[in-house]
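Open the model in your viewer and keep a selection tool at hand. The stops below are meant to be taken in order.

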Amino acid sequence: MSAFTSLTENFAVAPQLAPEDMAAVAAAGFKSVINNRPDFEGGPAQPSSEQMQAAAQAAGLNYVHQPVNGANIQPGDVSTFASLLKTLPGPVLAFCRSGARSTKLFMSASNSL
């Protein structure tokens with residue numbers, strides 16, 4: 001599994017994960033995963049949200065696909081992310097291509113938590 005960066009005790013971010021990483025995510029103590037990448041943003045080699053969801057659920061994780069354009073994060077994206085952080089069981093791991101988009105969403109959403 002790619003290294004993750006803890007931003008709080010209950011939230012961390014990671015670069016792109018693969019379906020085979022979901023068991024390690026669960027073993028690390030996470031309860032929920034948020035995927036902030038649109039499907040195939042990185043081309044055909046990027047795992048689809050459907051593949052990620054199946055692997056996450058098989059590992060006992062809650063999974064949400066919230067695709068966000070990292071170059072154009074909208075207020076609605078932040079609002080949705082904040083709502084997910086309030087309702088998903090934690091700890092939560094969010095991922096995108098590098099982790100930066102999920103970090104920006106978290107920092108913006110933190111103002112409303």
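The tour goes from a record, through strands, rings and a helix, to two loops.

**Before you start**

Keep in mind that this is a predicted model. Residues are numbered from 1 along the chain as its sequence is written.

**Stop 1: the annotated stretch**

Select residues 4-106. The unreviewed UniProt entry annotates them as "domain: Beta-lactamase hydrolase-like protein phosphatase-like". Over residues 4-106 the chain is 35% helix and 19% strand. The C-alpha atoms at the two ends of this stretch are 14 Å apart.

**Stop 2: strand β2 and its partners**

Select β1 (5-8) and β2 (11-14). These two strands form a hairpin, with two residues between them. Their pairing is antiparallel and runs over three bridges. To find one of the bridges, pick T8, whose partner in β2 is F11.

Now add β5 (92-95). β2 pairs with β5 in the parallel sense, over four bridges. F11 has a bridge partner here too: in β5 it is V92.

Show the side chains of β2. Which residues point the same way as F11, and which the other way? F11 and V13 point one way from the strand, while A12 and A14 point the other way. All four of these residues are buried.

**Stop 3: the rings around F11**

Stay on F11 and show the aromatic side chains. How many aromatic pairs does a search of the whole structure find? The search finds three.

Select F81 with F11. The two rings form an edge-to-face pair, with 5.9 Å from centre to centre and 90 degrees between the planes. The pair links distant parts of the chain, since F11 is in strand β2 and F81 in helix α3, 70 residues apart. F11 and F81 are both buried.

Next select F106 with F11. This pair is stacked: the centres are 4.3 Å apart and the planes differ by 5 degrees. Again distant parts of the chain are linked, with F11 in strand β2 and F106 in helix α4, 95 residues apart.

Why does F11 count as buried? Buried means under 20% relative accessible area, and F11 has a relative accessible area of 2%. F106, at 9% relative accessibility, counts as buried as well. With F11, F81 and F106 all displayed, you have a cluster linked by ring pairs.

**Stop 4: helix α4**

Select residues 100-110, which make up helix α4. Colour its buried residues, which are R101, S102, L105, F106 and A109. Then look down the helix axis: the buried residues fall within an arc of 135 degrees, so they line one face of α4. An α-helix has 3.6 residues a turn, so residues three or four places apart point the same way.

What do the buried residues of α4 pack against? They pack against β1, β2, α3 (75-87) and β5.

Select S102 on its own. Its relative accessibility is 0%, so S102 counts as buried. Leaving aside neighbours within four places in sequence, S102 is in contact with F11, V13, N36, F81, A94, F95 and C96.

Move along the helix to A109. With neighbours within four places in sequence again left aside, A109 is in contact with V78, F81, A82 and L85.

**Stop 5: the nonpolar cores**

Select F11, I34, F81, L85, L88, V92 and A109. They are the residues with the most contacts inside the largest nonpolar core, which has 16 residues. β2, α3, β5 and α4 each supply at least two residues of this core. The element that gives the most to the core is α3, with five residues.

A second, separate core has 14 residues. To locate this second core, select V25, V33, L61 and L93, which are among its residues.

**Stop 6: two loops**

Select G90 and P91. The peptide bond from G90 to P91 is cis, with omega near 0 degrees. P91 is in the loop between α3 and β5.

Finally, go to F40, in the loop between β3 (32-35) and α2 (49-58). F40 is not a glycine, yet its phi is positive, at about 60 degrees. Is F40 buried, exposed or partly exposed? With a relative accessible area of 46%, F40 is partly exposed.

Terms used:
This is a predicted model: local features need pLDDT of at least 70, side-chain atom pairs count only at pLDDT 80 or more; totals for chains, interfaces and linings use all residues. Side-chain values use heavy atoms; hydrogens and water are left out. Buried means under 20% relative accessible area, exposed over 50%, partly exposed in between (1.4 Å probe, protein chains only). Contact means heavy atoms within 4.5 Å. The arc is that of the directions from the helix axis to the C-beta atoms. UniProt positions are given in the numbering used here, feature names are shortened, and annotations may be inferred rather than shown by experiment. A nonpolar core is a set of buried Ala, Val, Leu, Ile, Met, Phe, Trp, Tyr and Cys residues joined through side-chain atoms within 4.5 Å. Rings of Phe, Tyr and Trp (its six-membered ring) pair if their centres lie within 6.5 Å; planes under 30 degrees apart count as stacked, over 60 as edge-to-face and the rest as tilted. Two strands pair if DSSP finds at least two bridges between them.
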